[in-house]
Amino acid sequence: MVTPARCPAILVAAPASGQGKTTVTAALARLHARQGRRVRVFKCGPDFLDPHWHQLASGAPVHQLDLWMTGEADCAQRLHEAAQSSDLILIEGVMGLFDGTPSAADLAQHFGVPVLAVVDASAMAGTFGALAFGLRHYRSGLPWAGVLANRVGSARHADMLRDGLHDADDWMGALMRVPFDAAPLAGKAGAALLPERHLGLVAAHELADSMERLDAAANALAATPLGQMSADDLQRWAVDFPAPALAAAVPPLLAGRTVAVGRDAAFCFIYAANVQCLEQMGARVVFFSPLNDAAVPDCDAVWLPGGYPELHASQIAANTRMQASLRAYVAAGKPLWAECGGMMALFESITLADSDTAPLWGLLPGNVTMQKRLAALGPQQLTVAGHILRGHTFHYSTSASSAPVVARTSRPNEAAAPDAGEALYQQGSIHASYFHAWFPSSPEAVAQLLGGVSA
């Protein structure tokens with residue numbers, strides 16, 4: 001019999017993006033993990049990059065929570081499972097607290113998780129209190145943990161911020177500006193502690209000193225009231241996670257099949273839940289590096305996930321043995337699902353942000369062009385053989401191709417339109433799109449894309 005589980009939990013939110021949610025969440029996870037506590041971190045909404053930092057900080061897998069994309073039942077199951085074996089659950093919000101549908105506030109209120117607001121206070125004083133008051137009281141019944149001031153200039157500045165609060169119990173402390181705006185690590189004074197580029201944070205595995213950076217953040221947080229909370233103190237935020245309804249078994253639509261998943265610096269946007277779903281469908285999952293390996297592994301299907309092909313275009317073009325192996329694989333009629341960056345690498349060429357053009361693998365006709373601004377962003381759904389696959393889109397490039405478009409994505413609760421949404425290209429056994437799929441939302445659709453047994 002599955003019973004309710006109780007565990008301290010907070011959702012780390014902010015009034016907007018760029019306030020420091022990821023740094024605070026990772027620092028808090030690292031701080032408690034160093035003290036021997038079992039910490040589980042989740043990310044609200046679709047995100048591939050922040051979870052790299054949270055997994056390194058906590059030492060545990062990180063999954064996404066989204067009341068639409070992953071669904072209420074999936075969220076409930078993952079939170080209940082984490083609560084059974086953890087001392088602390090952290091959820092990093094997305095954008096501003098009330099931004100999006102569903103928002104981080106919706107998730108917090110649905111599961112009764114207290115909200116910790118992180119506010120960049122670098123250019124404010126008394127307004128900090130007004131902002132904290134508004135975040136707390138904007139929606140009736142929102143569970144509340146308090147507010148943490150980020151990028152604070154001095155102890156006097158911190159006093160001014162604290163004095164502006166209507167409720168002194170809201171004060172979770174102040175993170176000083178220097179430890180978070182500069183990282184005097186490995187001779188990199190003046191560099192961002194958690195550096196960013198066009199798609200978000202640089203992934204933790206790309207930096208040799210990632211753990212040092214996390215420790216620096218954790219050390220700074222340890223000087224705040226939030227960072228000084230003991231295991232007993234955390235119990236003020238204990239949440240009861242009810243036993244979820246018994247989930248239906250994942251159909252074994254890929255039983256006996258091997259799925260090869262590209263995974264390296266250029267192809268790294270992989271939800272852990274997607275790999276888990278493939279395995280639950282009965283697949284044997286193997287990984288390979290499209291950048292460095294000479295050939296596709298022996299397999300029945302290939303998944304090329306998203307990532308940064310634009311940063312590795314020369315290496316992609318230079319790996320002609322992988323190009324030849326992929327051509328032979330597709331010529332044999334074997335299925336290949338390529339999403340976003342994976343699709344980009346299959347085109348003939350890419351025009352980079354500096355206007356230079358570089359060749360790619362040429363398995364799909366056409367080219368992609370990098371943009372200086374986001375080309376698309378938001379939740380999307382794709383109908384495949386009558387099954388609805390949920391996910392999202394997030395890319396800085398556009399594509400021009402003569403490959404047949406067999407379907408288009410649509411926004412939640414909207415019908416697909418002929419000239420809207422992301423195109424699903426099909427060229428022989430290749431299916432490709434900018435769409436990032438959340439596999440657990442429809443194993444049946446995934447089986448179609450990867451050539452499994454039709455449901």
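# Strands, cores and unusual residues

Colleague: Which way do the residues of β16 point, and are they buried or exposed?

Modeller: Leu336 and Ala338 point one way from β16, and Trp337 and Glu339 point the other way. All are buried. Keep in mind that this is a predicted model.

Colleague: What makes a residue such as Glu339 count as buried?

Modeller: The cut-off is under 20% relative accessible area. Glu339 is buried, so its relative accessible area is under 20%. As for the alternation, side chains in a regular strand alternate between the two faces of the sheet.

Colleague: How do you know that β16 and β14 are paired?

Modeller: A pair needs at least two bridges. β14 and β16 (residues 336-339) have 3 bridges, so they count as paired. The sense is parallel. Trp303 has Trp337 as its bridge partner in β16.

Colleague: What makes β25 a partner of β16?

Modeller: The cut-off is again at least two bridges. β16 and β25 (residues 430-433) share 4 bridges, also in the parallel sense. Therefore they count as paired. Glu339 has Ser433 as its bridge partner in β25.

Colleague: Which residues cover the two faces of β14?

Modeller: Ala301 and Trp303 lie on one side, Val302 and Leu304 on the other. All are buried. β14 (residues 301-304) is also joined to β11 (residues 258-262) by 3 bridges, with the strands running parallel. In β14, Trp303 is the bridge partner of Val261.

Colleague: Which residues touch the most other members of the largest nonpolar core?

Modeller: Leu278, Val302, Leu336, Leu346 and Trp361 do, in a core of 66 residues. Apart from it lies another core, of 42 residues, among them Leu65, Ile89, Leu107 and Val147.

Colleague: What makes a set of residues a nonpolar core?

Modeller: The members are buried residues of nonpolar kinds, Leu and Trp among them, joined through side-chain atoms within 4.5 Å. Leu336 belongs to the largest core, and it is buried, as the β16 result says. In soluble globular proteins, nonpolar side chains tend to be buried together.

Colleague: Which residues does Leu346 touch?

Modeller: Leu346 touches Leu304, Leu336, Ala338, Trp361, Gly362, Leu363, Leu364 and Ile430. Residues up to four places away in sequence are left out of that list.

Colleague: Why is Glu279 called partly exposed?

Modeller: Its relative accessibility is 47%. Buried is under 20% and exposed is over 50%. The value falls in between, so Glu279 is partly exposed. Glu279 sits in helix α10 (residues 272-280).

Colleague: Why is Ser355 called exposed?

Modeller: The cut-off is over 50%. Ser355 has a relative accessible area of 57%, so it passes. Ser355 lies in the loop between β17 (349-351) and β18 (357-359).

Colleague: What makes Asn413 exposed?

Modeller: Asn413 reaches 75% relative accessibility, which is over 50%, so it counts as exposed. The loop between β23 (405-408) and β24 (423-427) holds Asn413.

Colleague: What is notable about phi at Ser355 and at Asn413?

Modeller: Ser355 is not a glycine, although it has a positive phi of about 80°. Asn413 is not a glycine either, and its phi is positive at about 65°. Most residues other than glycine have a negative phi, and most peptide bonds are trans.

Colleague: Where is there a cis peptide bond?

Modeller: It joins Thr101 and Pro102, with omega about 5°. Pro102 is in the loop between β4 (88-92) and α4 (104-111).

Colleague: Why are β20 and β26 called edge strands?

Modeller: Each pairs on one side only. They belong to an open sheet of 3 strands in the order β20-β21-β26, with antiparallel pairing. A pair needs at least two bridges; β20 and β21 have 9, so they qualify. Pro379 stands opposite His392 in β21.

Colleague: Which helix gives the most to the lining of the second largest pocket?

Modeller: α3 does, with 10 residues. The pocket holds about 800 Å³ of space. Of its 32 lining residues, Ala73, Asp74, Gln77, Arg78 and Ala247 are the closest to its centre.

Colleague: Where does pLDDT stay under 50?

Modeller: Over residues 178-191, for which the model has 29 contacts beyond four places in sequence. The mean pLDDT of the protein is 91, and 92% of its residues reach 70 or more.

Conventions:
Residues are numbered from 1 along each chain as its sequence is written. Side-chain values use heavy atoms; hydrogens and water are left out. pLDDT is the predictor's confidence in each residue, from 0 to 100. Contact means heavy atoms within 4.5 Å. Buried means under 20% relative accessible area, exposed over 50%, partly exposed in between (1.4 Å probe, protein chains only). On a 1 Å grid over the protein atoms alone, a cavity is a set of points where a 1.4 Å probe fits but cannot get out, and a pocket is an open set with protein on both sides within 12 Å along at least five of seven lines; lining residues have an atom within 4 Å of a point. Grid points are joined across faces, edges and corners, and a volume is the space filled by probe spheres set on the points.
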